[in-house]
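Morning, everyone. Please bring up the structure and keep it in view while I talk.

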Amino acid sequence: MKHGHCHPRAELPKLAEQLRRKSRKLTGPRQAILEILRRHSHPMSNKEIFAALPKGDCDLATVYRSMHLLESMKMVKRFDLGDGMARFELLAEGDDGHHHHLVCTGCSAVVEIEECFIRELEENIAVRNGFKAITHKLEFFGICPKCQ
């Protein structure tokens, strides 16, 4: 499946350096998790990450803890695609992770949508209501060609 765009995926040594700068060790499981996220260009759930890890590398609880840490360090972004399951995507350094997704309600396939046409609307809403620094989350849901 083609995705909206491919970020230049950060190389592992750069990710390791990013962790070190934040005085966190790149443990075996964290390294394996980052490598899996780097290879997949769509948001993945903890269970999907766990399933993709070599067996016996770490347990599911370690995956949850690692994802929590990586999210707090702004190395991954969490998405809620409406099914109550958090999914995570690797952020390249300097990427604010702002893109939208098209999600299949049948098989949960995720396509990234590059363009953000909502910025102008966001500004109007902010101005009209006296808000500053507003952000938005927008996900689209439908049935992919495979499930139709």
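Start with strands E2 and E3. Five bridges join them, and they run antiparallel. Keep in mind that this is a predicted model. Find Phe-79 in E2. Which residue of E3 stands opposite Phe-79? Arg-87 does. Now follow the chain from E2 to E3. The two strands form a hairpin, with five residues between them. Look at Gly-82 in the turn. Gly-82 has a positive phi of about 90°.

Next, add strand E1. Two bridges join E1 to E3, which covers residues 86–90, and this pair also runs antiparallel. Ser-45 has its bridge partner in E3, and that partner is Arg-87. We met Arg-87 a moment ago, opposite Phe-79.

So what is the order of the strands in the sheet? Reading across, the order is E1-E3-E2, in an open sheet of three strands with antiparallel pairing. Why does one side of E1 and one side of E2 have no neighbour in the sheet? E1, at 44–45, and E2, at 76–80, stand at the edges, and each has a single partner strand, so one side of each is left without a neighbour.

Now the helices. Helix H2, residues 28–39, packs on the sheet and touches E1, E2 and E3. The direction of H2 makes about 85° with that of E3. Helix H4, residues 60–72, packs on the sheet too, touching E2 and E3. For H4, the angle with the direction of E2 is about 110°.

On to the core. In soluble globular proteins, nonpolar side chains tend to be buried together. Here, the largest nonpolar core has 20 residues. Which of them touch the most other members? Ile-33, Leu-37 and Met-67 do. H2, H4 and E3 each supply at least two residues of this core. The largest share is from H2, with five residues. Take Ile-33. Beyond its neighbours within four places in sequence, Ile-33 contacts Ile-49, Leu-53, Val-63, Ser-66, Met-67 and Leu-70.

Last stop, the cysteines. A disulfide is a covalent bond between the sulfur atoms of two cysteines. How many disulfides are there in this model? The count is zero. Look at Cys-104. Its nearest cysteine sulfur belongs to Cys-144 and is 3.6 Å away. Why is there no bond at Cys-144? The closest cysteine sulfur, in Cys-104, is 3.6 Å from that of Cys-144, and that is too far. The cut-off is 2.5 Å.

Are these two cysteines buried or exposed? Cys-104 counts as buried, because its relative accessibility is 5%. Cys-144 counts as buried as well, at 10%.

Conventions. Residues are numbered from 1 along each chain as its sequence is written. This is a predicted model: local features need pLDDT of at least 70, side-chain atom pairs count only at pLDDT 80 or more; totals for chains, interfaces and linings use all residues. Side-chain values use heavy atoms; hydrogens and water are left out. Two strands pair if DSSP finds at least two bridges between them. Helices (H or I, at least four residues) and strands (E, at least two) are DSSP runs, numbered from the N terminus. Contact means heavy atoms within 4.5 Å. Axes are lines fitted to C-alpha atoms, for helices over the stretch in contact, and angles run from 0 to 180 degrees between N-to-C directions. Buried means under 20% relative accessible area, exposed over 50%, partly exposed in between (1.4 Å probe, protein chains only). A nonpolar core is a set of buried Ala, Val, Leu, Ile, Met, Phe, Trp, Tyr and Cys residues joined through side-chain atoms within 4.5 Å.
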